[in-house]
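Colleague: Could you take me on a close look at the place where the ligand sits? I am new to reading structures, so please go one step at a time.

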Amino acid sequence: MPTAVITGASMGLGRATAHALAGRGWSLVVDARRPDLLAGAMRGLAGVTALPGDVTDPVHRARLAAEVHRAGRLDLLVNNASRLGPSPQPELPGYPMDELIRVYETNVFAPLALIQLLAGPLTAAAGTIVNVSSDAATEAYPGWGGYGSAKAALDQLTAILAAEQPSLRCYAFDPGDMRTDLHQQAFPGEDISDRPEPAAAAAALLRLITGRPPSGRYRAADLGAAAVSS
Ligand SMILES: NC(=O)c1ccc[n+]([C@@H]2O[C@H](COP(=O)([O-])OP(=O)(O)OC[C@H]3O[C@@H](n4cnc5c(N)ncnc54)[C@H](OP(=O)(O)O)[C@@H]3O)[C@@H](O)[C@H]2O)c1
């Protein structure tokens, strides 16, 4: 049975991806910081081990790795958990450095630390790493300097990892706008009901995972069936 680790699976894209994979028979190890939300989100799914915790906590990451080693294989790591930073987002000249460090800890250092911990089983399975990115990694939106630069660092880390590890598939995945808590934090007080539900981006991510195109950066909007079948 293929096995995946998905971080930040209690809501949004992580939850939708967990449901999509579990429905196709994948075995999952998932996390999020709030245990009740995580348990509720995974209720009714078979083959899911939910380990509440913070991806920036090395002890929690070691527990995730121990669970993978107990399962005996890992085909997919989805680094999805993310921190926006302050809301509303401050411009760079006034960005609080302690908050910026927390953004980088969650969005850059924790994903790499998990990759380092799980590289062995991922390599053994010729597996897939998905680092969830954002258009803020490539577009210079005023106010998005903290989160956006962290996602840009994650993109470059993904690209270099792909060059170093040709036996793996390494993807930076840009889901596009989604109607989620993180998106509402980014646009406080704004009506975001016109944004698509995360299930659409999860379906695109599934096409990426199963199609296994070459390593690279992919946008959900471009992941039609033809785009990944070549
Ligand atoms: N929404 C958008 O429009 C949009 C656009 C572009 C990219 N993205 C990216 O898509 C991904 C998913 O975002 P989303 O909008 O689906 O977010 P979301 O709905 O706010 O969900 C975030 C998930 O991550 C968990 N989480 C946050 N910090 C964590 C931590 N330190 N350790 C463990 N779990 C943590 C949250 O649960 P707890 O709070 O309980 O930990 C929750 O399960 C992120 O990488 C985001 O940057 C989103």
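Modeller: Happy to help; we will go from the pocket to the ligand and then to the residues around the ligand. Keep in mind that this is a predicted model.

Let us begin with the pocket. The ligand sits in the largest pocket, which holds about 1000 Å³ of space. Its lining is made up of 46 residues, and nearest to the centre are Asn80, Ala81, Ser82, Arg83 and Leu182. Sorted by class, the lining has 17 nonpolar, 16 polar and 13 charged residues. Four helices, α1, α4 (97-124), α5 and α6, each give at least two residues to this lining, and α6 gives the most, with 5 residues.

Now move in to the shell around the ligand. Here you will find 30 residues, the closest being Ser10, Arg33, Tyr147, Thr180 and His183. The shell counts 11 nonpolar, 12 polar and 7 charged residues. At least two residues come from each of α1 (12-22), α5 (145-164) and α6 (181-186). Once again α6 has the largest share, this time with 3 residues of the shell.

Finally, look at single atoms. An oxygen atom of the ligand lies 2.4 Å from a polar side-chain atom of Tyr147. For Ser10, the distance from a side-chain N or O atom to an oxygen atom of the ligand is 2.6 Å. Arg34 also has a polar side-chain atom 2.8 Å from a ligand oxygen atom. As for cover, the ligand taken alone exposes 890 Å², and the protein buries 96% of that.

Notes:
Residues are numbered from 1 along each chain as its sequence is written. This is a predicted model: local features need pLDDT of at least 70, side-chain atom pairs count only at pLDDT 80 or more; totals for chains, interfaces and linings use all residues. Side-chain values use heavy atoms; hydrogens and water are left out. A residue is near a molecule or strand if one of its heavy atoms lies within 4 Å of it. A polar contact is a pair of N or O atoms within 3.5 Å; within protein, one must be able to donate a hydrogen and the other to accept it, and residues adjacent in sequence count only if both atoms are side-chain atoms. Accessible areas come from the Shrake-Rupley method with a 1.4 Å probe; for residues, only the protein chains shown count as cover. On a 1 Å grid over the protein atoms alone, a cavity is a set of points where a 1.4 Å probe fits but cannot get out, and a pocket is an open set with protein on both sides within 12 Å along at least five of seven lines; lining residues have an atom within 4 Å of a point. A molecule sits in a cavity or pocket if more than half of its atoms lie within 2 Å of its grid points. Ala, Val, Leu, Ile, Met, Phe, Trp, Tyr, Cys and Pro count as nonpolar, Asp, Glu, Lys and Arg as charged, and the others, Gly among them, as polar. Grid points are joined across faces, edges and corners, and a volume is the space filled by probe spheres set on the points.
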